[in-house]
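Student: Could you take me through one part of this model slowly? I'd like a close look at a single chain, and then how it sits with its partner.

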Amino acid sequence: MGGTLSYPHTDVGIPREPYQVLVLGSPSAESSEWAVSVKGLTREYTTRNFFGGVARSTWALSGVDFQVAVGELFGLIGPNGAGKTTTIKILTTLLTPTGGDATILGLDVRKDLYEIRRRIGIVFGGERGLYNRVSAVDNLRYFSDLYGVDSGVAKKRIPQLLEVVGLADRAQERVEKYSRGMKQRLHIAKALVHDPELIFLDEPTIGLDPAGARDIRNMVRELKAQGKTILLTTHYMFEAEELCQRVGVISKGKIVALDTPSDLKNMVRDISVIDLRTYGATMEYVEALRALPSVVRVVADLDSEEQSIRVQTPMGADLLPQVVAALPEGTKIIDRTIKEPTLEDAYLRLVEE
Amino acid sequence: MPSMDDLTPGKRTEGYLGQRVQVLKASMFLTSRLFFADPQWVIPNIIAPFIFTLVAFELFDGQTSSGSFLLYLVLGSGLMGMWGTTIYASANSIGFDRWNGTMESTLAAPMPLSWIALGRVLFNTLQGVLTAVFILVIGIAWFRTGFTLVNPPAFFLASVSTFLSLSTFGLLMTTVLLLSRKGGFITNSMEIPVYIATGTMFPVILLPIVYLPFAFMLAPTWGIDAIRIAALPNYVGLPTTYWQDMAIMAVETLAYLALAFFLFKRVEAYAKKIGTLEEY
């Protein structure tokens, strides 16, 4: 097993075969040893017609299993609509599961709502969750009262939190004047105002510039160093790789893999990645690359002036002559690099299976 | 820059009641901050009452030296203001959370939503009281109208009780809004019928008899009657005494409160089940 955590139930072996879901113990009698324990979790969304009958039914989760140890930084990654946010909402008691069991710090998400809420903090991604017309101080004071923080403690803790997240000098300004990164830092302060044991970070760096995202990642590291348990969802694979001790890959409402980032990467150790920076590339070139016999997968970002194309192949550098030969007229390769596969490559293989 | 290790450890407020009072105060405080942060608050709370008062004084030119006239004006506009702000602002305070994206954050707090909503409703109802006070000030200071009350302590008690009763009714309405944005249709459509049925516009006794059962089910109906008994000389209203009005209002208000807290629990659970909390 990767990482330095000491998990309960370590007698349970971790299979090394790719694509197999790794179950670290059973959330049965000793479920309180886990910060998060999820077993067979399902969630169905139904749309009803005028007469109250079910018009449409969608299974957002169809049997999710995973556990997070106390003090662990656990990542949940998956494509849009895979079930990440639904899982987070159930675990934070905002949504009722249709089936299965989930416990947070040993407490049942169906029965122990308020006790769970007292002990967790939630950071929503994006613009949600703050009162923009009032100041950061007003926001924090309001939420500290909602969480029942002793007023004497709040008086000390709120200015300290604003210092920690670098907003002390703008604390009295209305939040609507804040940049996206500042709002996200305030989200972190809000989630910490009641000193929770477990923190849910739902895509905390989405839409941030590189510096803002780096600040948030540093804060996540600090929280981890403090011994907080963190469940992070993200779209950014490098972020999960950089921060998380273990990562669960969720696809179509199920966990399709769960392991340390390095072990997940081992699933794709049979391939190399050719990273291309091109000028003038179109879908025509991407399709030509996909048609090459030994190409496993091509991922392209064609929206910028310089395009980025990622070619997965077991041939490595030997494929380069064919990659160059497939160039249409007017397309140029600015830079090319042969790389080891990353978590993103493993992720792409997993979610496309 | 200080690190997270330097933070003062969290500690919770002790006691069931202490925690709820803390939430109530926080909710009222935030609602007031949001209210005053929007410069438009001046229009319904200062400009509109001023124009309303001005028109009323011009219409009844010559009769305005009587204290009763000002009282009618203050009571009518104040009670309409209280109900108007209760039904709109309270209902919209939850709608605002949905629109603002703060619904999930609010619901994620370890406190029943009913207590958070009650704080908001109390502040919003208080706005109506402030409108009434403003009209009183205009009447006395601008139009030099006299002002006397038959029984000031009874008037004060009835006013505070009616304010609480209206707030409780607003809380009941808020449960409808929590379920879906379509609930706004129901609450909006109740504004004028409740004005009429509670006797805000004119004494309930003038209503056709078929409407009276509905009027009697509304706690503010009794409160408004009690206020008028305590304030106006020679007032002819319902065939009940001041204390009977107060007792009936208290019973109905407690029933609203119990129903509101019950519905909040059910609605919160149902909203979590259907998963439409944050949809706007």
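Student: Among contacts in chain A between residues at least 6 apart in sequence, what percentage join residues at least 24 apart?

Tutor: Before anything else, keep in mind that this is a predicted model. The answer to your question is 70%: that is the share of contacts in chain A, counted between residues at least 6 apart in sequence, that join residues at least 24 apart. Let's build up the rest of chain A around that.

Chain A holds 11 helices and 14 strands. Its C-alpha trace spans about 70 × 55 × 50 Å along the principal axes. You can also look at its radius of gyration, which is 23 Å; a compact globule of 353 residues would come out near 20 Å, so the two agree. As for burial, 46% of the 353 residues of chain A count as buried.

Now zoom in on one helix, α6 of chain A. It covers residues 210–225, which makes 16 residues. From the first C-alpha to the last, α6(A) reaches 22 Å, close to the 22 Å expected at 1.5 Å a residue. Its buried residues are Asp215(A), Ile216(A), Arg217(A), Met219(A), Val220(A) and Leu223(A). What do those residues pack against? Their neighbours are two helices, α5 (180–192) and α7 (237–243), plus two strands, β7 (198–202) and β8 (229–234), in chain A. Have a look just after the helix, too: Gly227(A) takes a positive phi of about 95 degrees there.

Step back and you'll find that chain A is assigned two domains, with domain 1 at 31–266 and domain 2 at 272–352. Their C-alpha centres lie 35 Å apart. Where they touch, domain 1 of chain A puts in 13 residues and domain 2 of chain A puts in eight. On the domain 1 side, the elements that give two or more residues are α7, β9 (246–251), β10 (254–259) and α8 (261–266) of chain A. So α7(A) turns up twice in our tour: the buried residues of α6(A) pack against it, and it helps form the side of domain 1 that touches domain 2. The residues on that side of domain 1 divide into nine nonpolar, two polar and two charged.

Time to meet the partner. Chain B has 11 helices and zero strands, whereas chain A has 14 strands alongside its helices. Buried residues make up 43% of the 280 residues in chain B. For contacts in chain B between residues at least 6 apart in sequence, 81% join residues at least 24 apart.

How do the chains meet? There are 37 residues of chain B in contact with 38 residues of chain A. On the chain B side, the elements that give two or more residues are α1 (16–37), α4 (103–107) and α11. The most comes from α1(B), with eight residues. That side of chain B splits into 17 nonpolar, 11 polar and nine charged residues.

Finish with α11(B), one of those contributing elements. This helix runs over residues 242–274, has 33 residues and reaches 46 Å from its first C-alpha to its last, close to the 48 Å expected at 1.5 Å a residue. Among its buried residues are Met246(B), Met249(B), Tyr256(B) and Phe264(B). Just after α11(B), Gly275(B) takes a positive phi of about 70 degrees.

Methods: Residues numbered from 1 in each chain as written. Chains lettered and ligands numbered in written order. Predicted model: local features only at pLDDT ≥ 70, side-chain atom pairs only at ≥ 80, totals over all residues. Helix = DSSP H or I, 4+ residues; strand = E, 2+ residues; numbered from the N terminus. Expected span 1.5 Å × (residues − 1). Buried ≥ 20, exposed ≤ 12 C-beta atoms within 10 Å, placed from the backbone. Contact = placed C-beta atoms within 7 Å. Nonpolar A, V, L, I, M, F, W, Y, C, P; charged D, E, K, R; others polar. Domains from an automatic or database assignment. Rg over C-alpha atoms; globule rule 2.2 N^0.38 Å.
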